[in-house]
Amino acid sequence: MRNLVLVGLGPHAKKIYYPLLEKYCLEFDIRIKLIIDLESQRELVEKFLESQRLKPEKVLLVKTSPQNVLGKELDPEAEKALNILAKSGEVDGILIVTEPKAHKIYIEWAAKHGVDILADKPLTSPVGACVDVEAARQVYVDYLDVMEIVKK
């Protein structure tokens, strides 16, 4: 059995990841323990999941705040839900398909808890990374930070 968490249920997750999860859910005994997305996406998330065969056990919609949108820190509700799954051994992998600005906080959580990670590219993307040299350099710093966490 593979217990997964899906962070972000936007167009890319709906087009690429969810169809694959549904296709292989029986063959590999895949369960989606938790989907995390923004409260502002409630209607789109609910509408999409209505038509899916593979249903998540829980959907957590966190506040659409700058902290959550920009990935400044892990939302307390999301962290609590993730920690409960980790403590009970009910999460094997996490698919991080959010806005790249929020990737790092979920990557860090997963690495610290020994959870397999699949993160969309780019690994991170600070605000202004395509027009500001310092923001672009931050992508490399984020990479080094993530590699250090993974090594530990």
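The charges of the protein make a convenient place to start. In this predicted model, there are 22 positive and 24 negative charges, and the mean position of the positive set lies 2 Å from that of the negative set. The surface that the protein exposes comes to about 8900 Å², and carbon and sulfur atoms supply 55% of that area.

Confidence in the prediction can be read next. The average pLDDT of the protein is 92, and 100% of the residues score at least 70. Among the elements, strand 3, which covers residues 59-62, has the highest mean pLDDT, at 98. The lowest mean, 82, belongs to helix 3, made of residues 66-69. As a reading hint, predicted coordinates should not be read in detail where pLDDT is low.

The fold itself can be followed along the chain. The protein contains 6 helices and 5 strands. Starting at the N terminus, these elements follow one another in the order β-α-β-α-β-α-α-β-α-β-α. Laid along the principal axes, the C-alpha atoms fill a box of roughly 45 × 35 × 25 Å. The radius of gyration is 15 Å, and this agrees with a compact globule, because a globule of 152 residues would have a value near 15 Å. Of the 152 residues, 39% are buried. Contacts also reach across the sequence: taking those between residues at least 6 apart, 64% join residues at least 24 apart.

A single residue, T98, helps to bring this picture down to a local scale. T98 sits in the loop that runs between strand 4 (93-96) and helix 5 (103-112). Is this loop residue buried or exposed? The relative accessibility of T98 is 19%, and the cut-off for a buried residue is under 20%, so T98 counts as buried. Once the neighbours within four places in sequence are set aside, T98 is in contact with V7, G8 and H103. One of these partners, H103, carries the number at which helix 5 (103-112) begins. For a sense of distance, T98 can also be set against E73, which is 25 residues away along the chain; the C-alpha atoms of T98 and E73 are separated by 14 Å.

Notes:
Residues numbered from 1 in each chain as written. Predicted model: local features only at pLDDT ≥ 70, side-chain atom pairs only at ≥ 80, totals over all residues. Heavy atoms only, no water. Helix = DSSP H or I, 4+ residues; strand = E, 2+ residues; numbered from the N terminus. Rg over C-alpha atoms; globule rule 2.2 N^0.38 Å. Buried < 20%, exposed > 50% of the residue type's maximum accessible area, 1.4 Å probe, protein only. Contact = heavy atoms within 4.5 Å. Areas by Shrake-Rupley, 256 points an atom, 1.4 Å probe, with all protein chains shown as cover. Lys, Arg positive; Asp, Glu negative; His and termini not counted. Charge placed at Lys NZ, Arg CZ, Asp CG, Glu CD. pLDDT = per-residue confidence, 0-100.
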